Amino acid sequence: MRMLILGGTKYLGRHLTEHALRAGHDVTLFNRGRTGTELFPGVPRLIGDRTADGDKAGLAALGTGTWDRVFDFSGFHPRQVAATAGLLAPRIGQYVFMSSVAVYPRSDRAGRSEDAPLLPPAADDGEYGNLKVACELAAEEALPGRATSIRAGLINGPGDPFGAFTSWALAMAGAGVVPCAARPSQPVQVTDVRDLAAFLVRAGPGPFNVMPPPMTFAEMLEACRRAGRGTATVRWTEDENVDDLGGFIVQPRDGSDDGVFQLSGERARQAGYVSRPFTETARDTIEWAVRTKATFTNPH
């Protein structure tokens, strides 16, 4: 396929680019040209800035060209998605938008599918989840029946720039006592970035929860300890500040938001999504982080 990747040099985009090139696809990148400039020599790059409010020149590089599939990793506001998808619609086959599980209202209900109610859409000054809903609608409006919305939550694997999961994995691969303010039974779903990249290439139209089966926080930490051959133990606590250990994935103790990491991924699995064993994700992530002396920028 001829693929256009909006981004392509950071975390998920980089994994997708690598996967697509290995598979023999024809890849073009569109980004601001500020990061990863040394990556993927020989791959065509189009330079533009989608964040320029009202500046059509930011999309000028996309004025020509045809592609079978476009991947949008940098659309955070509906005006950006509407402008880009609208410009490309006559010249592309499918538009794959990276959305989020944040489109769903907070709930303790497990097993919600893609047909569950969403948050109300918001304009460009709304909250993150509301903006993602509006972005999904903008993509579908521009390409009816040709838009795909990928809803994922905690994405992890080698290359993780944020540390939301990797910080926990590294702590458990070490020694000593690890304080954790989550409940041992709190559910969590960790999507391997490599499995997600592989699914993006084959996903058909519509929304997909790209989520593996849930596990408990206690199971996640124990799997990380085993994968990293650590000797750490967990101190379950309600009081200590654990922000340095990806604390933002710790849900309210009353379980009122447990549903966010108990979504049904059945539709994605039926469409070809395959999630590798979590111990493999933990092992590879720990090995990468140790080898590269990784540091993280937690956006939360």
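Lys293 lies in the segment that follows helix H8 (278–292). In this predicted model, Lys293 has a positive phi of about 55° although it is not a glycine. With a relative accessible area of 70%, Lys293 is exposed. A positive phi, near 55°, is also found at Phe40, again a residue other than glycine. Phe40 belongs to the loop between strand S2 (26–31) and strand S3 (45–47). The relative accessibility of Phe40 is 13%, so this residue counts as buried, the limit being 20%.

The nonpolar interior was examined next. The largest nonpolar core comprises 34 residues, of which Leu154, Phe165, Trp168, Val190, Phe217, Met220 and Phe278 touch the most other members. Two or more residues of this core are given by each of H4, strand S8 (177–180), H6 and H8. Helix H6 supplies the largest share, 5 residues. When neighbours within four places in sequence are left aside, Phe278 is in contact with Phe165, Val190, Met215, Met220, Ala223 and Cys224. Another core, of 29 residues, lies apart from the largest one and includes Tyr11, Phe40, Ala197 and Ala268. Phe40, noted above for its positive phi, is thus named among the residues of this other core.

Aromatic pairs were searched for over the whole structure, and 4 were found. One of them joins Trp168 and Phe217, whose ring centres are 5.4 Å apart; the planes meet at 85°, so the pair is edge-to-face. Trp168 is in helix H4 (residues 166–172) and Phe217 in helix H6 (residues 217–227), so this pair ties together parts that are 49 residues apart in sequence. Trp168 counts as buried, at 0% relative accessibility, and Phe217 is likewise buried, with a relative accessible area of 0%. An edge-to-face arrangement also describes the aromatic pair of Phe199 and Phe208, with 5.3 Å from centre to centre and 80° between the planes. Phe199 is buried, its relative accessible area being 1%, and Phe208 is buried at 5%. Ring pairs link Phe199, Phe208 and Tyr273 into a cluster.

Charged side chains were considered in turn. Side chains of opposite charge can pair when their charged atoms come close. The structure holds 18 salt bridges. One of these is formed by Arg267 and Glu114, with the closest N and O atoms 3.6 Å apart. Arg267 is located in helix H7 (residues 266–270), whereas Glu114 is in the loop between strand S5 (92–98) and H3; the pair therefore ties together parts that are 153 residues apart in sequence. The two partners fall into separate accessibility classes: Arg267 counts as partly exposed at 31% relative accessibility, while Glu114 is buried, with a relative accessible area of 6%.

A further salt bridge is made by the side chains of Asp195 and Arg276, at 2.8 Å from N to O. This pair links distant parts of the chain, 81 residues apart, with Asp195 in helix H5 (residues 193–202) and Arg276 in the loop between H7 and H8. Asp195 is buried, having a relative accessible area of 7%, and Arg276 is partly exposed at 23% relative accessibility. Both residues take part in a network of salt bridges that links Asp192, Arg194, Asp195, Arg276, Glu280, Arg283 and Asp284.

Within helix H6, Glu222 forms a salt bridge with Arg226, the closest N and O atoms being 3.7 Å apart. These two residues are 4 positions apart in H6 and are therefore separated by about one helical turn. Glu222 is partly exposed, with a relative accessible area of 29%, and Arg226 is also partly exposed, at 47%.

A charged residue without such a partner is present in helix H3 (residues 128–142), namely Lys132. Lys132 is buried yet has no salt bridge, and the nearest side chain of opposite charge, that of Asp72, is 7.3 Å away. A salt bridge requires a separation within 4 Å, so Asp72, at 7.3 Å, does not meet the criterion for Lys132. The surroundings of Lys132 were also listed: residues up to four places away in sequence not being counted, Lys132 touches Gly75, Phe76, Phe97, Met98, Ser99, Ser100 and Val103.

Terms used: Residues numbered from 1 in each chain as written. Heavy atoms only, no water. Phe/Tyr/Trp six-rings, centres within 6.5 Å; stacked < 30°, edge-to-face > 60°. Buried < 20%, exposed > 50% of the residue type's maximum accessible area, 1.4 Å probe, protein only. Lys, Arg positive; Asp, Glu negative; His and termini not counted. Contact = heavy atoms within 4.5 Å. Core = buried A, V, L, I, M, F, W, Y, C linked by side-chain atoms within 4.5 Å.
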